[in-house]
Amino acid sequence: MSAKLNKYLKSYTEAAPLAVFRICFGVMMFISVVRFWLNGWIEKLYITPKFFFSYYGFEWVKPLGNYTYLIFAICGIAALLVAVGYKYRISILVFFLSFTYIELMDKTTYLNHYYFISILSFLMIFLPASAYFSLDAWKNRKNAFQKIPAWSIDAIKLLMATVYFYAGIAKVNSDWLLRAMPLKIWLPAQYDLPFLGNLMQQEWLHYAFSWSGMLYDLLIPFFLLWRRTRFVAFLVVIIFHVLTRILFPIGMFPYIMIVSALIFFSPGFHHRILNFISRLFHINKSVFDNGKKLVYNGIKRKAILAILAVFFIVQILFPWRYLLYPGELFWTEEGFRFSWRVMLMEKVGYAQFIVEDKDSGKRFYIDNGQYLTPFQEKQMSTQPDFILQYAHFLAEEFREKGHENIEVHVENFVALNGRRSRKYIDPEADLLEYEDSFRHKTFILPFNDEIKGI
């Protein structure tokens, strides 16, 4: 086993697939940033709100007022430089830092694919993605290599396979497979889709989508890896993600996954792509086809492999941290984020906060719209860490108005995946007695139901 692993780690492959991946990733990220800017989402999500929900431990990461535009500009420029492979290490590092900073500014905007882009860009810091068909390789031929270690391409395949496979495992639960939830709620709303609107009302279709979605996520990495099924699997990837783009507002994610799946194809396929780009932009590709191998010195190689090993151990173990918490995961959401649980829940909530001045006995009923945007209020009303953070924010607001001795309670009801709305947070709990942490939040009321699954 050790000999086989050692042999694999010393094996080489063509650098073309990683070069194509770098170009596609950079271009897609640049388009994403421009799209975000042009749609006015920077203003709407990071300038307009009066309050931002922070990730625990990252409370110091905040929007910078109008300077927030500068962070997006840096992120977009870095993405473009990654695409062309100019000052690659610095560019991908800047992209990772700026993109991750943006995502940490307000957890209201958390999406699985934003997390995927963050960790993928972190991984790319350690990969020789500019060794071939890049401005760096063009300017300095000593740093141009046609062949790179095989693990540097397989690392991206492994990350993609992990994302897909874990998303598939997460769908093996009774709500998804036996109740077709939440697709049974979401799909009928697409009644105005041309040709498909009536079909979306059919219950059998909700079950068909649920089961096929689970099987797709579990199996697609293996079919992409196997040469004989790769092309058909890629067609399925295109059909699946185009369909999800039509049905759900998930932005650039479908296109990112379609383009990323190209990494599974052979070097010959990527050389054809690069030949096309070369003809389009009058690039002499032959200068990169030098047959040279990128050989790391011993210390650098060991350091990179050690970092990648730790990275993947974390990625494989982290999604299972929910097992450390009591209660139903979909209800408490403790350990839900960063675990590739994609579109598994429809949660609707109502939260009435009450601030009580214990000295005067006065009770103040909070209009959430005074402090939160509708999007923030929607996210806050169903997630306990949001509720706790908002309660402390309200306390600070009232202390500044002279109310020193106060309690904060919430009347909170939540409906999960079509179930009847029920009390979510203990209304007797003074939320100021609790601080945000990784510990279980005991003020969450029991689910009193069961969702079977992993």
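This report walks through some helices, a pocket and a few unusual backbone spots in a predicted model.

**Two helices to start with**

Let us begin with helix α4, which runs over residues 68-84 and holds 17 residues. From its first C-alpha to its last, α4 reaches 25 Å, close to the 24 Å expected at 1.5 Å a residue. Which residues of α4 are buried? They are Thr 68, Ile 71, Phe 72, Cys 75, Gly 76, Ala 78, Ala 79, Val 82 and Ala 83. These residues cover an arc of only 160° around the axis, which puts them on the same side of α4. Here is a helpful rule: an α-helix has 3.6 residues a turn, so residues three or four places apart point the same way. What covers the buried residues of α4 includes α2 (16-38), α3 (41-47) and α5 (88-104).

One of those covering helices, α2, can be checked for length as well. Its 23 residues should span 33 Å at 1.5 Å a residue, and the end C-alpha atoms of α2 are 33 Å apart, which agrees.

**Spans listed in a record**

An unreviewed UniProt entry lists several spans under "transmembrane region", including residues 114-135 and 155-172. Here is how the chain looks in the model over these two spans.

| Span | Helix | Strand | Distance between end C-alpha atoms |
|---|---|---|---|
| Residues 114-135 | 55% | 0% | 27 Å |
| Residues 155-172 | 89% | 0% | 26 Å |

**A pocket**

The second largest pocket holds about 970 Å³ of space. It is lined by 35 residues, and the closest to its centre are Tyr 55, Phe 58, Phe 318, Arg 321 and Phe 338. Which helix gives the most to this lining? That is α6, with five residues. Besides α6 (112-124), the helices α5, α15 (298-317) and α18 (384-400) each supply at least two residues.

**Unusual backbone spots**

Now look at the backbone angle phi. Two glycines take a positive phi of about 75°: Gly 40 just after α2, and Gly 85 just after α4.

Lys 87 is not a glycine, yet it has a positive phi of about 50°. Lys 87 sits in the loop between α4 and α5. Asn 417, also a residue other than glycine, has a positive phi near 50°, and Asn 417 is found in the loop between β5 (406-416) and β6 (422-423).

Are these two residues buried or exposed? Lys 87 is partly exposed, with a relative accessible area of 46%, whereas Asn 417 is buried, at 0%.

Finally, a cis peptide bond joins Met 181 and Pro 182, with omega about 10°. Pro 182 lies in the loop between α9 (174-178) and α10 (183-186).

Methods. Residues numbered from 1 in each chain as written. Predicted model: local features only at pLDDT ≥ 70, side-chain atom pairs only at ≥ 80, totals over all residues. Heavy atoms only, no water. Helix = DSSP H or I, 4+ residues; strand = E, 2+ residues; numbered from the N terminus. Expected span 1.5 Å × (residues − 1). Buried < 20%, exposed > 50% of the residue type's maximum accessible area, 1.4 Å probe, protein only. Arc of directions from axis to C-beta. Contact = heavy atoms within 4.5 Å. UniProt positions renumbered as here; feature names shortened; annotations may be inferred. 1 Å grid on protein atoms, 1.4 Å probe; cavity = no way out; pocket = protein on both sides within 12 Å on 5 of 7 lines; lining within 4 Å. Points joined across faces, edges and corners; volume = space filled by probe spheres on them.
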